[in-house]
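Here is a short walk through one structure, from a histidine in a loop to the ligand site and on to the cysteines. Have the viewer open and follow along.

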Amino acid sequence: MEKDLKGFSTRALHSGWDHDPSTGSFGLPIYLTAGYKFGSAEEAASLFELKKEGFIYSRIGNPTVAAFEEVIADLESGSAAVATSSGQAAFNQLLSLICKKDDHVILGRKVYGGTLTLLSNIFSKFGVEVSVVDTDDPEEVARAVSPKTRCIITETVGNPSLNVAPLEELAVIARDNEALLIVDNTFMSPALCRPVEWGANVVVHSATKYLSGFGNIIGGVVVDGGNVDWGSMKKWPEFTEPEEAYHGVVFSEAFGTKALATKLRACALRDIGGCMSPFDAYLLWMSIGTLSLRMKKHSENALAVARFLEEREEVAWVSYPGLESHPHHERAKKYFREGYGGMIAFCLKGGIEAGRKFLNSLNLFSIIANIGDARSMAIHPASTTHSQLSSEELKKAGIEDGLVRLSIGLEDVEDIIDDLDRALSSI
Ligand SMILES: Cc1ncc(COP(=O)(O)O)c(C=O)c1O
């Protein structure tokens, strides 16, 4: 009998995998295989023509990876998902699928530096036009739209500015212009926010972060929101007209709400090849079982730390969506459930020198170019994660010299605060 899976934590533990009927294995097996033995030449042909569902070659799909894809699609309220080798690969393959020469992309100014440079350094070379705008301001986004706009890209919570996107307003602008709203939900995870429920069409993750939760893999995923009515739009013939590379299949008709994910797998993952390894998918599938517990604790610890930092005289300002002082606190209260995440940005009054001294005085915190680990970590974005940006771009992204980004872990909050207290006192 099919299990009736309702609550988020129940689905996080039961979606994607139950047991192997041939052995009874309750643990998810790691299918270390490149290929899959076909029953006959006819079966092979129908798999290749997408007439039959199944596995062909592990670059395109793998049963262990499929377990991760199924659970994340379910948790994000999407229709299907495609796992990738990294968050960067997720964006690369998605944009390769939906953009061609002379197309236009609207990108949030405060997104992760790597997303910005992927578009401005790589896709611009192939003739994709990019407008970098403040996606916190729907009017600025609406002004940037052109008939060639394919998508609007934003982050639920920006890295590292911690601005909160006006998801519903952006979804309306995207829908009215036959464009897709793509939301990078890395900082929140579906335990705290489900952008599809607020109108996003596609959700992207760096699975490296909270989905993994332990900083032990690099991975990414694209979730199809399943909410695009391709047939009613004129701008997307690649979904509504026969695809020559697949014997004339019409993706919107053959795959319905899973058209985008299926085409991403069949036409971008197949050709570009940035697939996830089964071992990484196994670790991710296991970690997701505890996602909601972890996100609640990250959020509780981070709120206590943000309140502590707000009281310190060494600190010029603190940005955390859970603080009443945050400019997008009301938006965060509406979109997020069970907490405001584990990320905090704050600025030291002493600028770059104070920042260095502070980082060097930390003991429990590690200086790491990653976020979302169970262990607390700190970084100085201007000299590391965002160092590829010019000083003009840094300014526009709201990254000041004294800005420190904290990824608050799952340690005892008293120990986290003690460490910060000591490091601040050393300045
Ligand atoms: C918000 C966000 N999106 C995407 C990425 C890229 O992901 P990955 O490092 O897994 O390629 C990062 C990496 O830091 C990120 O912070």
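Let's begin with a polar contact: the side chain of His 328 comes within 2.9 Å of the backbone nitrogen of Val 164. Please keep in mind throughout that this is a predicted model. His 328 sits in the loop that joins β8 (315-319) to α13 (329-335). Is this histidine buried or exposed? With a relative accessibility of 15%, His 328 counts as buried. Leaving aside residues up to four places away in sequence, His 328 touches Asp 136, Asn 163 and Val 164.

**The loop between β4 and α7**

A second loop deserves a visit, with two backbone features to look at. Pro 160 is located in the loop between β4 (149-155) and α7 (167-176), and the peptide bond leading from Asn 159 to Pro 160 is cis, with omega near 5°. Leu 162 is placed in the loop between β4 and α7 as well. Leu 162 has a positive phi of about 65°, although it is not a glycine. Why do such features catch the eye? Most residues other than glycine have a negative phi, and most peptide bonds are trans. Leu 162 is also buried, at 1% relative accessibility.

Another leucine can be viewed alongside. Leu 50, in the loop between α2 (41-48) and α3 (63-75), has a positive phi of about 60° without being a glycine. At 24% relative accessibility, Leu 50 counts as partly exposed.

**The ligand site**

Asn 159, on one side of that cis peptide bond, is also one of the residues that surround the ligand. The others in the shell are Ser 86, Gly 87, Gln 88, Tyr 112, Glu 155, Asp 184, Thr 186, Ser 206, Thr 208, Lys 209 and Gly 219. By character, the shell divides into 1 nonpolar, 8 polar and 3 charged residues. The table gives polar contacts from side chains to the ligand.

| Side chain | Ligand atom | Distance |
|---|---|---|
| Asn 159 | oxygen | 2.9 Å |
| Ser 206 | oxygen | 2.8 Å |
| Lys 209 | oxygen | 2.9 Å |

How much of the ligand's accessible area does the protein cover? On its own the ligand has 400 Å² of accessible area, and the protein covers 90% of that.

**The cysteines**

How many disulfides does the model hold? The count comes to 0. A disulfide calls for two cysteine sulfur atoms within 2.5 Å. For Cys 99, the closest cysteine sulfur belongs to Cys 151 and lies 4.8 Å away, so it is too far for a bond. For Cys 267, the closest cysteine sulfur is that of Cys 99, at 15 Å, which is again too far for a bond. Cys 99 is buried, with a relative accessible area of 10%, and Cys 267 is buried too, at 17%.

**A residue in helix α12**

To finish, move to Ala 302, which is found in helix α12 (residues 291-310). Its relative accessible area is 0%, so Ala 302 counts as buried. Which residues does Ala 302 touch, not counting those up to four places away in sequence? They are Tyr 320, Gly 341, Gly 342, Ile 344 and Ile 408. As for Ile 352, which lies 50 residues from Ala 302 along the chain, the C-alpha atoms of the two are separated by 23 Å.

Key: Residues are numbered from 1 along each chain as its sequence is written. This is a predicted model: local features need pLDDT of at least 70, side-chain atom pairs count only at pLDDT 80 or more; totals for chains, interfaces and linings use all residues. Side-chain values use heavy atoms; hydrogens and water are left out. Buried means under 20% relative accessible area, exposed over 50%, partly exposed in between (1.4 Å probe, protein chains only). Helices (H or I, at least four residues) and strands (E, at least two) are DSSP runs, numbered from the N terminus. A polar contact is a pair of N or O atoms within 3.5 Å; within protein, one must be able to donate a hydrogen and the other to accept it, and residues adjacent in sequence count only if both atoms are side-chain atoms. Contact means heavy atoms within 4.5 Å. A residue is near a molecule or strand if one of its heavy atoms lies within 4 Å of it. Accessible areas come from the Shrake-Rupley method with a 1.4 Å probe; for residues, only the protein chains shown count as cover. Ala, Val, Leu, Ile, Met, Phe, Trp, Tyr, Cys and Pro count as nonpolar, Asp, Glu, Lys and Arg as charged, and the others, Gly among them, as polar.
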